[in-house]
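Got your viewer ready? Load the model, keep the selection box handy, and let's take a walk through it.

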Amino acid sequence: MDNRNYRDAWGVPHLRAGSAAELAWVQGRNAALDRAWQIEVERHRAQGTSASFLGSGAVGWDRFARQSRLDDTARRCFERLEPATAAWITSYVDGVNAGLDEGAGRAPQFASTGLRPAPWQPWVPLGIWLSTHILFAGFPTKLWREEVARALGEDAIDLFATDGMGTTGSNGWLVDGDRTASGAPLIAGDPHRFIEDPGIYQQIHLACPEFDVVGLAVPGVPGIAHFGHTGSVAWAITNAMADYQDLYREQFRDRDGQLEALGPDGWRSVSVHSETIEVADADPVTVEVVETERGPVIIGGPGAAESISLRIPPRVTGELGFDALPALLRARTVGDVDRAFDRWAEPVNVVQAADTEGGVLHRVAGRVPVRHPDNMLRVVPAWEAGHDWDGWHESPRRGVDSIAVMANERGIAGPLGVEFAPPHRAGRIRTLLQEQRSWTAAGMATVHMDTQLDSAKPLLRLVAGADGLSPEAARLRERLVGWNRRMDADSEDAAAYARLRSVVVRLITEHPALEKLAGQVDPGAYPEALRPWLALVPKVAFALEGLLVTPALPEIDRQELVRRALEEAAATAPTAATGGETHRLAPWQAEPDGEPEDWPGLSGDQDCVLSTSSIPGVSDLSARGPAARYVWDLARRDDSLWVVPLGASGAAGDPHRRDQLPLWLHGGFVPVITDWNLLTEEDMPAEHTTRSRTAVHEAAVDGFGTVRIVPLDPAADSALVHRWVTEERARYWGMGGHTRQQVQEIYEFVDSLATHHAYLVHRDDEPVALFQTYEPGADPVGECYDVQPGDFGIHLLVGPPAAGGSQRGFTSALLAALVGFVLKDPQVLRVVVEPDARNEKAVARMVRSGFVLGPEIDKPEKRAQLAFLSRETLDRWALVGP
């Protein structure tokens, strides 16, 4: 089997090779081509060198990465790998290095920041994994509990317990064959992470003689770890919410020039050295890196008032779990998956798997140390005995009785953690799944997209009991009492609830009962990377449900506080606001000076199954949500479904960079395709081929951007064009039922003609329209009217709106640029168009743009409305625009 790269209609890479090692090389090269900027940013974050090109805003993370020894831990873990695994990862890194220069050429961020790709070391994928997951267990919550204990007393340390913004969660569920239409299991879910641009998960298909797997890969890391389907077995994970990282309060002394730290057995030598962080827009920063027998010191250090070290399993054992990755690719049964995850270390996950032989699996995977219960709650003194680690917990397992649900709640992993997600998501998923016994893959969207907010009940009960209200506040009360608790983007009631909730959060935060806590916590005293766990308003926001019902803090009159909130929310209510107007997507982008974008509105909320999190009291913008959705079908793998928030590619100008966003917003899916006959082979990424073609026309349009017109490549552009012409909005083009191959053949025929031409129109680097020109005398339309010398026919199909982009004035601006192209030919005296006569919007647009209507004509495929635009009008357009 030769090394081959393929793409499906959504740009998903399908990679084939003659061996697992060769396939790893191909996967690494693909990551470099599609995600060069993303993976280079992640490499630098793992090394603590990102400020060198991102600037001073990245110094905080770089300092944490250096002090916590992420890169050195990754190197140690690589050295402990089985030789075959190390060779496999090295092959992946070689592929990355082979593709980085070309990939960087497709990413303008390299030029804008001055960053040059550098060769990867073999352990870089382990560093990226560790950097991405170091905060998953939420160890900074222990710092918060210390602050709460000091301010409110020891009994209050669990007052703010919740699954908040700092941690990550997921939904996952397994439905056995007795509840599916096919009789085979379905596994579905969605990992909740910070939404990134480009996305953290890459849809991918990997095949060689040893295995054939589809799944969600993490760019920069080989294989498929979290979500995969080999054809005979599929698996998925969620965060177990286990506690497996400890914080120790350290004491230091200098003895004859040697730094020592106090442990339970006395004073011991400490490793210490200095490192320099280069900063693009400021002076270099020197960081002192200190490590005790417990672990690296991440807060304070010698001479500081308080010093705290961090102890994590990979630093202790030199094992991250990457020996499990090749084994997962080769898995054929749930037994294989089970044995592979026995090798797993970090992060600690709940795993579900099912196979075609009827096997199912529901277990925890990862290393959780056995130690004193105080270690799981607080920062413990390093010098006291009893806080060391004493082996590892056994991985909990649970049987599957028709349905298994995992949503970060206290359940299978209960003995391993302290704080878990509220039970609402898990309970709601279970309720929905029990409502029928014939589930299909497509039907799972109703579960993924459910927006019922059960955590709203305590606040709504207080709302219902509010009295003595003004007329406006009383109307708001009645409105919320009758609300269906659906956090839908088009719901005015959802917006009203969110507005009231934010006011309640602020009033609780400002209450004298929390005054001491508010004044005591200084997030600036902690590393920047840990500050999200130490801000009072988010803590109140995510613990609101419990704070409204707890007997603690009796000095807070909840009923009176909600009455005041109703008055304030009613007085400041905007006119006819809906949830999606303020609850909008806000992805994280590694851009030093990136311009803010107008992203679309969202349904859902923190405790909905559709978990799109904002921070009530701070912002309604959503930075965290489903980083992917998947449905693995064990009856037939090609009936499986998946979608990511933006698109398959991370390259600027790529048509697949954000093409899945409309589906993701509304519960749609992209089909999983594994039939190689349905894919397009490429020697290089098709998008790169498109971008390298010479433009036949280029023009800068004020306030709009640079318009480039490039010849259409029927093969390379077939996926993009097929998607555009088969959408409902393009029904008048008459290709709604065409396959991708049929569309490609049509444009190959057009390309063979000297009288007809097809082009892709780019706005800056994004393809935005399909533009076709023809000579009417050589076209069937010429048989339907009296063709005049100088007639020039055009067709224009504007692509779907870019993510968050407005279409207002878009077509007019685009037409202005196209007119400039047409005017370049002095032989053109009149432009001819022939939209479908039923397309009233297109006809009206032509009239507004100056076209004069001609007769309606009958063509074989449609009844068309002829319209003409004279050269004189074209000349006026060139001067003033349409």
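Is Asp-338 buried or exposed? Select it and show the surface: Asp-338 is buried, with a relative accessible area of 17%. Here, buried means under 20% relative accessible area, exposed means over 50%, and partly exposed is in between (1.4 Å probe, protein chains only).

Before moving on, a word on what you are looking at. This is a predicted model, where local features need pLDDT of at least 70 and side-chain atom pairs count only at pLDDT 80 or more, while totals for chains, interfaces and linings use all residues. Residues are numbered from 1 along each chain as its sequence is written, and side-chain values use heavy atoms, with hydrogens and water left out.

**Stop 1: the partner of Asp-338**

Now add Arg-397 to your selection. Its side chain meets that of Asp-338 in a salt bridge, 2.9 Å from N to O. (A salt bridge is a side-chain nitrogen of Lys or Arg within 4 Å of a carboxyl oxygen of Asp or Glu.) Asp-338 sits in helix α11 (residues 334–341) and Arg-397 in the loop between β19 (380–381) and β20 (403–406), so the pair ties together parts that are 59 residues apart in sequence. Those element names come from DSSP runs numbered from the N terminus: helices are H or I with at least four residues, strands are E with at least two. Unlike its buried partner, Arg-397 is partly exposed, at 45% relative accessible area.

**Stop 2: helix α16**

Next, select residues 471–481, which make up helix α16. Which residues of α16 are buried? Color Ala-473, Ala-474, Leu-476, Arg-477 and Leu-480, and you have them. They all lie on the same side of α16, because they cover an arc of only 160 degrees around the axis (the arc is that of the directions from the helix axis to the C-beta atoms). Flip to the other side and you'll find Pro-471 and Arg-475 exposed. What covers the buried residues includes α15 (457–464), α17 and α21.

While you're here, zoom in on Arg-477, which forms a salt bridge with Glu-478. The closest N and O atoms are 2.8 Å apart. Arg-477 is buried at 18%, whereas Glu-478 is partly exposed at 45%.

**Stop 3: where α16 meets α17**

Add residues 492–510, helix α17. The two helices pack at an angle of about 115 degrees, with their axes 10 Å apart. (Axes are lines fitted to C-alpha atoms, for helices over the stretch in contact, and angles run from 0 to 180 degrees between N-to-C directions.) Show side chains for Leu-476, Arg-479 and Leu-480 of α16, then Glu-492, Asp-493, Ala-496, Tyr-497 and Leu-500 of α17: these make the contact, meaning heavy atoms within 4.5 Å.

**Stop 4: from α17 to α21**

Select Arg-506 and Glu-568, whose side chains meet in a salt bridge (2.1 Å, N to O). Arg-506 is in helix α17 and Glu-568 in helix α21 (residues 558–571), so look for parts of the chain 62 residues apart. Arg-506 is partly exposed at 29%, and Glu-568 is partly exposed at 30%.

**Stop 5: Arg-69**

Finally, jump to Arg-69, in the loop between α3 (59–67) and α4 (70–79). At 13% relative accessibility, Arg-69 counts as buried. Leaving aside residues up to four places away in sequence, Arg-69 touches His-273, Val-289, Glu-291, Pro-296 and Arg-315.
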